Amino acid sequence: MRSQIERTRGELGDTVAELAAKADVKGRAAARAADLRDKAGAMTVQLRSSAAQAGHAVQERAARAGHVVQDRAAQAGHTVQDRATQAGHTVQDKATHAGHVVEHSVPRPVRTVVQAGLRHPRPVLVVGAAVGAVVAAEMLRRRHR
C-alpha cells in the first residue's frame, strides 16, 4: 500500500507540474517568442544568402553581355576596315585604268613630249614660267588700255 501511495504521489506531482506549466502563460509566450526570433534570424540569413547569390548572377550576366557587345563592336570595326580597304583598292584600280586610257588616247607626238617632260622637268618649268610671264604681261597691257 505504501508503495502505491508513493507512486500515486509521484504521478500527482507530475500532473501538478504539467498543470503548472500549462498555467504559466507568460513563460509559454516567452518560449514561443524565442522560437519565432530563432526562425526569423534563420530566414534573414537565408534571404541575405539568396540576395547575394542573385547579385552575383546578375553581375556575371552583365559581364557576359559586356563581352558580347565588345566582341560585336570589334567585328563591326573589322568589317568597316575591310570594306574601306576594298573601296580604296577599287578607286586605285579605276584611277590606274583611267590613266592608261588617257595615256593611250593622247596622240603619239604629245605623248612623247609629255614623257620627255617627266624625265627632264627643269626645261618644262622654265617654259611654263616664260609662258606665265607672257600671259601676265599681256593682261597688264590690256588693263592699261
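Q: Arg141: buried, exposed or in between?
A: Arg141 is partly exposed in this predicted model, with a relative accessible area of 37%. Buried means under 20% relative accessible area, exposed over 50%, and partly exposed in between, with a 1.4 Å probe and protein chains only.

Q: What does Arg141 form a salt bridge with?
A: With Glu138; the closest N and O atoms are 2.5 Å apart. A salt bridge here is a side-chain nitrogen of Lys or Arg within 4 Å of a carboxyl oxygen of Asp or Glu.

Q: Where do those two lie?
A: Both Arg141 and Glu138 lie in helix α4, 3 residues apart, about one turn of the helix. Helices are DSSP runs of H or I with at least four residues, strands are runs of E with at least two, and both are numbered from the N terminus.

Q: And Glu138, how accessible?
A: Glu138 has 28% relative accessibility, so it counts as partly exposed.

Q: What about Arg142?
A: Arg142 also forms a salt bridge with Glu138, with the closest N and O atoms 3.3 Å apart. The two are 4 residues apart in helix α4, so about one helical turn separates them. Arg142 counts as exposed, at 62% relative accessibility.

Q: So which residues make up the network?
A: Glu138, Arg141 and Arg142 are linked in a network of salt bridges.

Q: How many salt bridges by this rule?
A: The count comes to 3. One of them is Glu6 with Arg9, where the closest N and O atoms are 3.3 Å apart.

Q: Where is that pair?
A: Glu6 and Arg9 both lie in helix α1, 3 residues apart, about one turn of the helix. Glu6 is partly exposed at 48% relative accessible area, and Arg9 is exposed at 55%.

Q: Is α1 covered or bare?
A: Hardly covered: among the 22 residues of α1, the count of buried residues is 0.

Q: What span should helix α1 have, and what does the model give?
A: Helix α1 covers residues 2–23, and at 1.5 Å a residue it should span 32 Å. Its end C-alpha atoms are 31 Å apart, which agrees. The expected span is 1.5 Å times one less than the number of residues.

Q: Back to α4. Which residues form the nonpolar patch?
A: Val127, Val131, Val135 and Met139 form it on the surface, with about 370 Å² of accessible area together. Patches take residues with over 30% relative accessible area and no salt bridge; like charges are joined within 9 Å, and nonpolar side chains (Val, Leu, Ile, Met, Phe, Trp, Tyr) within 5 Å. Areas come from the Shrake-Rupley method with a 1.4 Å probe, and for residues only the protein chains shown count as cover.

Q: Take Val135. Where does it sit?
A: Val135 is in helix α4, residues 121–144. At 44% relative accessibility, Val135 counts as partly exposed.

Q: Zoom out. How many helices and strands?
A: The chain has 4 helices and 0 strands. From the N terminus on, its elements run α-α-α-α.

Q: Spread out or compact?
A: More spread out than a compact globule, because the radius of gyration is 53 Å, well over the 15 Å that the globule rule gives for 145 residues. The radius is taken over C-alpha atoms, and the rule is 2.2 Å times the number of residues to the power 0.38.

Q: What box does the chain fill?
A: Its C-alpha atoms fill roughly 160 × 45 × 20 Å along the principal axes. The C-alpha atoms of Arg9 and Thr85 are separated by 107 Å, and those residues are 76 apart along the chain.

Q: How much of the chain is buried?
A: Buried residues make up 1% of the 145 residues. The chain exposes about 13,200 Å², and carbon and sulfur atoms supply 63% of that.

Q: What about confidence?
A: Mean pLDDT is 88, and 100% of the residues reach 70 or more. pLDDT is the predictor's confidence in each residue, from 0 to 100.

Q: Which elements have the lowest and highest mean?
A: Helix α3 (residues 108–119) has the lowest mean pLDDT, 80, and helix α2 (residues 25–105) the highest, 91.

Q: Ground rules for the numbers?
A: In this predicted model, local features need pLDDT of at least 70 and side-chain atom pairs count only at pLDDT 80 or more, while totals for chains, interfaces and linings use all residues. Residues are numbered from 1 along each chain as its sequence is written, and side-chain values use heavy atoms, with hydrogens and water left out.
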